[in-house]
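Here is a structure that I would like to go through with you, asking at each step what supports a given description.

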Amino acid sequence: MKHLISIEDLERDDLERILETARALDGIAGSLPTLAGRLVVTLFYESSTRTSSSFELAAKRLSADTMSIKSAGSSADKGESLQDTVLTLAAYDPAAIVIRHPQIGAPLTVAGHSAAAVVNAGDGKHQHPTQALLDLYVMREAFGSYEDLHVAIVGDVLHSRVARSLIQAPGLVRAHVTLVGPPSLLPRGIERLGCEATSDIEALASADCIYVLRLQQERMEYAYVPSLREYTARWGITPERLRAGQKIMHPGPINRGVEIDSRVADSADALILEQVRAGLAVRMAVLHDLLAADVRVPQTAVVA
Ligand code: CP
């Protein structure tokens, strides 16, 4: 595997290998020498807390040199194109470039202008493959398997690269996925990807896992819902809408009191912080897979 741009780039074996590596790396204290002397650049043209911090920490835990660039404050502010920024950074000979950009396809531009392995950390509403990988990892940890689960994804599916990546993940082929939300936020024809779509909030009742999405107002060019208050009343996830034992996931950031009630977000059934925690191991595994696939994960070789 040269790049990770879309979850569709992965065969089932690739997915399993990455998740197994993540499991081996999960909880390892200290750093591994795997990527010593190599450079990992993170290049973010959109806001991020979880993805940017976990990629940076993942690279450091593998002993890579890191360079973290946010578009705000960079020469993008002076009109430099993505292509020229990548050509500039490529002069430092990075082993990997992790890119988040509002434009669909931006990771392909990066791949076309550098020799580095490219990881898509989110391009517009298209793909966020490492989020899907960490979500599958957490589902497997919580349920023993991510197959044969019934996952209800509820909220702003239309603008969600997370939902698209998760639906297309090869491991979820045997899972039962139901998309739930206002008709205006359910993409027409999404059922072609092998899921169901409904605006009936009662559809949550039979799900094992409720995956909540935030309203991505930054991607909305007009009002898709009458008001936030009405959205919350009809689609917000409250304890009253859940049954005992259902697990709650959310890619973050959460908007408390809008798509998710604090009593749900902070409940024992919420896996939201597990998702954040898993992000580190899974992103270490992705960097390992792209850059050091021929190096076995040492079980004991931990550098202080
Ligand atoms: N889930 C996710 O991508 O979060 P950030 O925007 O904080 O990176």
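Q: What makes the pair formed by an oxygen atom of the ligand and the side chain of Ser48 a polar contact?
A: In this predicted model, an oxygen atom of the ligand is 2.6 Å from an N or O atom in the side chain of Ser48. A polar contact requires a pair of N or O atoms within 3.5 Å, so this pair counts as one.

Q: Which polar backbone atoms lie 2.9 Å from an oxygen atom and 2.8 Å from a nitrogen atom of the ligand?
A: The oxygen atom has a polar backbone atom of Arg50 at 2.9 Å, while the nitrogen atom has one of Pro251 at 2.8 Å. Of the 250 Å² of accessible area that the ligand has on its own, the protein covers 92%.

Q: Which residues surround the ligand, and how are they divided by class?
A: The surrounding residues are Ser47, Ser48, Thr49, Arg50, Thr51, Arg100, His128, Gln131, Pro251 and Gly252. By class, one of the shell residues is nonpolar, seven are polar and two are charged.

Q: Why is the ligand said to lie between domain 1 and domain 2?
A: Both domain 1 (7–124 + 279–301) and domain 2 (129–275) contribute residues to the shell around the ligand, and therefore the ligand lies between them. The centres of the two domains, taken over C-alpha atoms, are separated by 26 Å.

Q: How many residues of domain 1 and domain 2 are in contact?
A: With contact meaning heavy atoms within 4.5 Å, 27 residues of domain 1 are in contact with 23 residues of domain 2.

Note on methods. Residues numbered from 1 in each chain as written. Predicted model: local features only at pLDDT ≥ 70, side-chain atom pairs only at ≥ 80, totals over all residues. Heavy atoms only, no water. Near = heavy atom within 4 Å. Polar contact = N/O pair within 3.5 Å; in protein donor to acceptor, adjacent residues only side chain to side chain. Areas by Shrake-Rupley, 256 points an atom, 1.4 Å probe, with all protein chains shown as cover. Nonpolar A, V, L, I, M, F, W, Y, C, P; charged D, E, K, R; others polar. Domains from an automatic or database assignment.
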